[in-house]
Amino acid sequence: MTSFIYSKLTCPDCGQTDTCPRMASTNNLGWRQWSDGWGRGDYWQTETGLLVCRCGAVFTAEEANPEHDGRHWPSSPQTGGIPECRSGNAWLAIRFRRWGSEGAERLVRLQCLWGIEEGERMLSPLADAAVSALPPPPHALSRESEENMERLLRLLESVDGYGLVRGDIQRRLCRFDMAISIYRADETIPAQWSDILCELARNEHSELVELPVH
Ligand SMILES: [Zn+2]
């Protein structure tokens with residue numbers, strides 16, 4: 001069952017007030033998981049929780065003076081409320097540095113990392129198949145993507161729970177030993193994933209892969 005609750009939020013930058021739909025309950029039916037930490041099910045996908053105002057500022061709900069008490073239904077359906085930040089908004093936010101905190105910057109950069117074209121993501125190989133294949137040539141990354149990855153690595157060092165993302169970035173940047181040590185050190189990564197990702201790294205695979213979900 002997926003339902004929404006609405007919070008009333010105020011943009012910390014321009015002061016506009018609007019409502020924001022937030023997912024209240026979810027399920028993992030049909031879940032598919034990729035090595036960069038992003039996943040998608042039939043009714044739900046991994047979200048950063050980052051929001052974007054019409055003025056272009058990006059922020060978390062907590063930074064927008066949320067009023068959760070009671071249910072706030074959309075007050076102005078014409079405006080559509082304050083939407084989730086998508087990768088197009090996120091790249092713009094990076095260009096104009098539209099965040100107000102390191103936490104928001106971290107999420108903006110994560111959103112950009114995850115903003116791979118749906119079709120391209122779906123074409124990425126299954127981890128099991130990739131392990132037994134020859135490593136493909138390293139994927140050419142744009143300068144923006146590479147800079148984003150390097151900065152994101154630094155921002156993720158100070159927070160827990162992003163071992164999968166950090167390991168994947170190191171692997172995509174062909175720093176395979178670093179990737180292995182991150183996968184090994186993070187006990188929150190399921191052993192099945194960590195084993196297969198370490199093997200991919202040992203074999204110098206730098207591509208995004210889809211992980212087995214059982
Ligand atoms: Zn604003």
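The legends below accompany several close-up views of a predicted model.

**View 1. The chain as a whole, with its helices and strands.** In this predicted model, the secondary structure of the chain comprises 8 helices and 7 strands. The chain has 214 residues, of which 36% count as buried. Among the contacts with a separation of 6 or more, 67% are made by residues that stand 24 or more positions apart in the chain.

**View 2. Helix H6 and the helices around its buried residues.** Helix H6, which spans residues 163-172, is mostly covered, with 10 of its 10 residues buried. The buried residues of H6 include Gly163, Leu164, Val165 and Ile169, as well as the charged-name positions Arg166, Asp168, Arg171 and Arg172. These buried residues of H6 pack against helix H5 (143-156), helix H7 (176-185) and helix H8 (191-202).

**View 3. The backbone just after helix H6.** Where H6 has ended, Cys174 follows just after the helix, and this residue takes a positive phi of about 65°.

**View 4. The open sheet of three strands.** An open sheet of 3 strands is arranged in the order E4-E3-E7, and its pairing is antiparallel. Strand E4 (39-40) and strand E7 (210-211) are the edge strands of this sheet, each of them pairing on one side only.

**View 5. The pairing of strands E3 and E7.** Strand E3, made up of residues 32-34, pairs with E7 in the antiparallel sense over 2 bridges. One residue to look for here is Trp34, whose bridge partner in E7 is Glu210. In general, the strands of a sheet pair through backbone hydrogen bonds, in either a parallel or an antiparallel manner.

Technical notes:
Residues numbered from 1 in each chain as written. Predicted model: local features only at pLDDT ≥ 70, side-chain atom pairs only at ≥ 80, totals over all residues. Helix = DSSP H or I, 4+ residues; strand = E, 2+ residues; numbered from the N terminus. Buried ≥ 20, exposed ≤ 12 C-beta atoms within 10 Å, placed from the backbone. Contact = placed C-beta atoms within 7 Å. Pairing = 2+ DSSP bridges.
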